[in-house]
Amino acid sequence: MSRFIIPKHLEVPLGAVLPAPVKEQPGMITGNWRTERPVIDHEACTTCLNCFIYCPDACWHLDEKTEQMVWNADYCKGCLICINECPANCLEPVNELEFPDGVVRLEKPF
Amino acid sequence: MSQEVYEVTIWARGVFQDMEGRHASLLMANAADLGGKFVQAWDDYADLPDRVGVPLRKYVRLSDEEIEMRFVYVNNNPNLVVIMDDTIVKGMNILRGMPKGGSLIVNTRRTPDEILAFIPNKELLANIVCVDASGIAADAAIDFMGSEGGVEVASVGAGISAPLVGAASKVCDMFDVKNVVKVAANKDGVQKGFDSAQVKAL
Ligand code: SF4
Ligand code: SF4
């Protein structure tokens, strides 16, 4: 037992309760880094969630009602990692100016 | 502040256009310098170090008199805005601070009207110039030397900056296309950019 004694000054409470980061962070919009966006073919998508796991900006999630993947235009930075990781090949890069939506138009880059 | 100083803001994409953006600012400054103007050209310090695809700013100031705007490191009222990648128009308010009657140069395969659809404050513009600089400079080798403050006088203007600045000289009378050709590495590209630019007056 003696091996597990922690000196008093190093004691920390076991764990803490923090609010989960469930909301978006409007101070760090990355949507304007994008030159191409991934466009999904819902017919071919198997909802395997690879894109959800690999997206560095958590821009894909599964809508449980429609059972379709949903993409976030404000934060997708166009790295196209999801396309690389999609086993069903149902994502395709398309130039951003083909779409009228997804405009973030920030006043300053930082 | 008096508006005798002609301000240029260049928007480029981080990392893969960082050097080209800087070259565009150097080309304008060098060409205007040959024409006897007073010049300044520099990068936006706050935008660096850049990350892939992040919108970056590069600046130029051109004037007939000595430029006395010391310790001001951003162009708050650009008369000319250059966009090195057309998709930036969706992500930034690129005409912010522009005095009425400014010019916009865009590297794009699209037409001026297609670009204007993405610009809500287009009443500030006197004209817009679209040029397919990426297409013109496609065969020019792109390398990352000269990124992050390196100085490479011999190869300034080898890529997309050459046709873009050539096109810019169509609407900007602070530098002449002949002088841009003199200072750019890709002289053909400057001339092609000048010749193929689509100008639309507003
Ligand atoms: S990785 Fe491809 S198949 Fe899997 S959920 Fe994403 S889009 Fe659908
Ligand atoms: S392109 Fe990159 S940021 Fe956008 S959804 Fe795919 S993985 Fe995420």
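The radius of gyration used here is taken over C-alpha atoms, and the globule rule sets it against 2.2 Å times the number of residues to the power 0.38. With that in hand, let us walk through this predicted model, beginning with chain B.

For the 202 residues of chain B, a compact globule would have a radius of gyration near 17 Å, and the chain's own value of 15 Å agrees with this. Along the principal axes, its C-alpha trace spans about 40 × 35 × 35 Å. Buried residues account for 57% of the chain. If you follow the fold from the N terminus, you will meet the elements in the order β-α-β-β-β-α-β-α-β-α-α-α-α-β, which amounts to seven helices and seven strands. Among contacts between residues at least 6 apart in sequence, 71% join residues at least 24 apart.

A good place to look inside chain B is strand β1, residues 6-13. How many of its eight residues are buried? The count is eight of eight. In a regular strand, side chains alternate between the two faces of the sheet, and here both faces are covered: B:Tyr6, B:Val8, B:Ile10 and B:Ala12 are buried on one side, and B:Glu7, B:Thr9, B:Trp11 and B:Arg13 are buried on the other.

Now see what β1(B) pairs with. Eight bridges join it to strand β3(B), residues 55-63, in an antiparallel arrangement, while four bridges join it to strand β4(B), residues 80-83, which runs parallel to it. B:Thr9 is a handy landmark for both pairings: its bridge partner in β3(B) is B:Tyr59, and in β4(B) the partner is B:Val81.

Turn next to chain A. Along the sequence it follows the pattern β-α-β-β-α-β, with two helices and four strands. Its radius of gyration is 20 Å, well over the 13 Å that the globule rule gives for 110 residues, so chain A is more spread out than a compact globule. Its C-alpha atoms fill a box of roughly 65 × 40 × 25 Å along the principal axes, and buried residues make up 29% of the chain. Of its contacts with a separation of 6 or more, 69% are between residues 24 or more positions apart.

Finally, a look at surface and charge. Chain A has an accessible surface of about 8,000 Å², with 56% belonging to carbon and sulfur atoms; chain B exposes about 8,500 Å², with 54% supplied by those elements. In chain A, the mean positions of the 9 positive and 16 negative charges lie 13 Å apart. In chain B, the mean positions of 20 positive and 27 negative charges are 5 Å apart.

Terms used
Residues numbered from 1 in each chain as written. Chains lettered and ligands numbered in written order. Predicted model: local features only at pLDDT ≥ 70, side-chain atom pairs only at ≥ 80, totals over all residues. Heavy atoms only, no water. Buried < 20%, exposed > 50% of the residue type's maximum accessible area, 1.4 Å probe, protein only. Pairing = 2+ DSSP bridges. Contact = heavy atoms within 4.5 Å. Areas by Shrake-Rupley, 256 points an atom, 1.4 Å probe, with all protein chains shown as cover. Lys, Arg positive; Asp, Glu negative; His and termini not counted. Charge placed at Lys NZ, Arg CZ, Asp CG, Glu CD.
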